[in-house]
Amino acid sequence: MTVNIGIVGVGGMGQAHVARIRTELAGGRIAAVNDIDQARAERVAAPLGAAVYADDAQLVAAPEVDAVLVASFGPAHEATVTAAIAAGKPVLCEKPLAPTAAGCVRIMEAEARAGAKVVTVGFMRRFDRGYNEIKEAIAAGELGRPLIVHNRHRNPTVPQSYTADMAINDTAIHEIDTMRWLLGEEIAAVRVDQPRPTSRRFPHLADPLVLALVTESGVIAYDEVFVNIQYAYDIRCEVVLEAGTVALADQSATVRRDAAGARHRLTADHNQRFGQAFAAELQAWINAVAAGRQTGPTAWDGYAAAAVCDAGLRALASGGLEPVELIAKPALYA
Ligand code: NAI
């Protein structure tokens, strides 16, 4: 069976997903496209022979659309995702599922009404080989319990439209989900420290930030979020356990040695660094849709991460440790 996918939002991420589905992956095709930028939707749809819909609700309802891929911007996600749930169509939504925990609760309520899980959230790091090896090393137990995690999320630059809140809601949300998944527990409290800011930034940003994510069992996961570090897209994670550490290695398979020294090539952006993970995530979703089941992070995972972001924004304002307030987990996600 070929899964006919309708995509909402074909900017950077959406077009990267379209290219993967077209050239790298099996079992799926783009059948319909929607974007508030109609000309962009038409440009993307034309070489695919895909239909163009003027709004997301029409795309979701279209009979040729089996499943929906959402890559519009965060505040628009909830409307498309709830329309897909109501139509009983599987939906893969880019992070954030919604910008606030309250929006994610409404999405979970829609799934509860429908009585089925159809939502997958695009936390693709769960498909990255390196993070999976760290998870296996923790689970093996030979090094004891995890105690501390050191994360670094470094982007070369961000556009001027990037707001202070986005460092948490759009950027740190990746480490927030990855820590919940790696450590197998919820994050109970958050503090956000603000070191001296870089001078190579927009005045409206506090950059870098250091989050301290305190889990239910007391692990502290630090996350340096530095979105104007100039040199590369550099993602690092080191877990400190009782008798050793496990960390992501450098990504390059080769080391260059010359008169300037020995060095690894670094990646420039998320598509380069996480290309393997994005492909594995999308392929797993297409396979699951074809088999009629949900896969990957659920709406609960989207909610729990958003609740940590909400607390992170409070912590950014207060400077103190802010508790994460979670509702009881609905039975659907038990
Ligand atoms: P972008 O700004 O390049 O593209 C967004 C597209 O959505 C634009 O074409 C815009 O016209 C369209 N759009 C906005 N509102 C819409 C609406 N209501 N209906 C239909 N189309 C709408 O942004 P980008 O970087 O492609 O990000 C898209 C999503 O992907 C965001 O949720 C972002 O957080 C996520 N993302 C995820 C990454 C990851 O590592 N998993 C990396 C980068 C982005």
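How many salt bridges does the rule find across the interface of domain 1 and domain 2? To get there, let us walk through the structure, keeping in mind that this is a predicted model.

Start with the overall layout. The domain assignment splits the protein into domain 1, covering 3-122 + 276-297, and domain 2, covering 126-273 + 306-323. Taken over C-alpha atoms, their centres are 27 Å apart. Where they touch, domain 1 contributes 17 residues and domain 2 contributes 13 residues.

How much area do domain 1 and domain 2 bury between them? The value is about 1,300 Å², with 60% of it on carbon and sulfur atoms. On the domain 1 side, three residues stand out: Lys95, Gln276 and Pro297 supply 38% of the area that domain 1 buries against domain 2, more than any other three residues.

Now back to the opening question. Side chains of opposite charge can pair when their charged atoms come close. Across the interface of domain 1 and domain 2, the rule finds one salt bridge. You can also look for polar contacts there: five residue pairs are counted between the two domains. As for secondary structure, the elements giving two or more residues to the side of domain 1 that touches domain 2 are helix H1 (12-23), helix H5 (101-114) and helix H9 (275-291). H9 gives the most, with six residues. Sorted by class, that side of domain 1 has 12 nonpolar, two polar and three charged residues.

Lysine 95 is worth a second look. Its side chain meets that of aspartate 170 in a salt bridge, at 3.4 Å from N to O. Lys95 also appears at the ligand, being among the closest of the 24 residues that surround it, together with Gly12, Met13, Asp35 and Arg40.

Staying with the ligand, you can follow individual atoms. A polar side-chain atom of aspartate 35 is 2.6 Å from a ligand oxygen, and a backbone N or O atom of methionine 13 lies 2.7 Å from an oxygen atom of the ligand. Isoleucine 36 offers a polar backbone atom 3.2 Å from a nitrogen atom of the ligand.

Finally, zoom out to the whole structure, which holds 18 salt bridges. One of them joins arginine 126 and aspartate 177, whose closest N and O atoms are 2.7 Å apart. This pair links distant parts of the chain, 51 residues apart: arginine 126 sits in the loop between strand S6 (119-122) and helix H6 (129-140), while aspartate 177 belongs to helix H7 (residues 166-183).

Conventions:
Residues are numbered from 1 along each chain as its sequence is written. This is a predicted model: local features need pLDDT of at least 70, side-chain atom pairs count only at pLDDT 80 or more; totals for chains, interfaces and linings use all residues. Side-chain values use heavy atoms; hydrogens and water are left out. Domain bounds come from an automatic or database domain assignment. Contact means heavy atoms within 4.5 Å. Buried area is the accessible area (1.4 Å probe) that two parts lose on being put together, summed over both. A salt bridge is a side-chain nitrogen of Lys or Arg within 4 Å of a carboxyl oxygen of Asp or Glu. A polar contact is a pair of N or O atoms within 3.5 Å; within protein, one must be able to donate a hydrogen and the other to accept it, and residues adjacent in sequence count only if both atoms are side-chain atoms. Helices (H or I, at least four residues) and strands (E, at least two) are DSSP runs, numbered from the N terminus. Ala, Val, Leu, Ile, Met, Phe, Trp, Tyr, Cys and Pro count as nonpolar, Asp, Glu, Lys and Arg as charged, and the others, Gly among them, as polar. A residue is near a molecule or strand if one of its heavy atoms lies within 4 Å of it.
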